[in-house]
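Morning, everyone. I have one structure to walk through today. Please have a look at it first.

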Amino acid sequence: MVKLQQITAFLVGLNLVAAENIDTWVENPRIVPWGKEITDGQMVLFRQTYDAVLSFERWPHARHPAELLFAHVSVWLLENDEDRFEKELAMPVTDVDILDAKTADVDITITFEEDITAVIDENGPITFGGQ
């Protein structure tokens, strides 16, 4: 779940809201067995698809509109997950709950797909194809 870790680090680094107000987790993890060799000695063992939930408590929407956050997320996706459009992954889903004139709770759910690779090793913990 590397992409979730990467986008979380990016958003925390923007310093638009206190880091302790950002929570992330995974929902609906799915695996697709793949077993395709990609380089000599390395293979995609499976593809993992999951919904990454990014939750921002007390987002300061009076100072930073939610659209600013959505723009940062969109740019990150365009630069770091550009093949999501070819894969026809669901577009991010947003939810904004205005708490008062200054703060809101904001949730963004993003579907990610990642290849999980393995190095072929006779002494490794996984046996596949007799290796």
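How many residues lie between β3 and β4 in their hairpin? There are 5 residues between them. Keep that turn in view while I set the ground rules.

This is a predicted model, where local features need pLDDT of at least 70, side-chain atom pairs count only at pLDDT 80 or more, and totals for chains, interfaces and linings use all residues. Residues are numbered from 1 along each chain as its sequence is written, and side-chain values use heavy atoms, with hydrogens and water left out.

Confidence next. pLDDT is the predictor's confidence in each residue, from 0 to 100. The protein chain has a mean pLDDT of 93, and 99% of its residues reach 70 or more. Among the elements, β3 has the highest mean, 98, and β1 the lowest, 91.

A word on names. Helices (H or I, at least four residues) and strands (E, at least two) are DSSP runs, numbered from the N terminus. Two strands pair if DSSP finds at least two bridges between them.

Now the sheet. It is open, with 4 strands in the order β1-β2-β4-β3, and the pairing is antiparallel. β1 and β3 are the edge strands, each pairing on one side only. On average, neighbouring strands are turned by 20 degrees against each other, direction ignored. For angles, axes are lines fitted to C-alpha atoms, for helices over the stretch in contact; angles run from 0 to 180 degrees between N-to-C directions.

Let's go pair by pair. β1 and β2 share 13 antiparallel bridges. I22 has F56 in β2 as its bridge partner, and T39 stands opposite Q42 in β2. The hairpin of β1 and β2 has 2 residues between the strands, and there G41 takes a positive phi near 95 degrees.

Next, β2 (residues 42-59) and β4 (residues 104-119). They run antiparallel and are joined by 15 bridges. V44 has T117 in β4 as its bridge partner. Then β3 (residues 93-98): 6 bridges join this strand to β4, again antiparallel. There, D95 has D107 in β4 as its partner.

On to the helices. α1 covers residues 2-13, so 12 residues by the record of the model, no more detail needed than its span: 17 Å from first C-alpha to last, close to the 16 Å expected at 1.5 Å a residue. The expected span is 1.5 Å times one less than the number of residues.

Which residues of α1 are buried? K3, L4, I7, T8 and L11. Buried means under 20% relative accessible area, exposed over 50%, and partly exposed in between (1.4 Å probe, protein chains only). Those five cover an arc of only 130 degrees around the axis, which puts them on the same side of α1. The arc is that of the directions from the helix axis to the C-beta atoms. The face turned away from that buried side carries the exposed residues Q5, A9 and G13. Just after α1, N15 takes a positive phi of about 60 degrees.

What covers the buried residues of α1? The cover includes β1 (22-39), β2, α2 (66-80) and β4. α2 itself lies across β2, β3 and β4, at about 10 degrees to β4. Contact here means heavy atoms within 4.5 Å.

Last, one residue: T49, in strand β2. Is T49 buried or exposed? T49 counts as buried, because its relative accessibility is 10%. Leaving out residues up to four places away in sequence, T49 touches N28, P29, R30, T111, F112 and E113.

That's my tour. Over to you.
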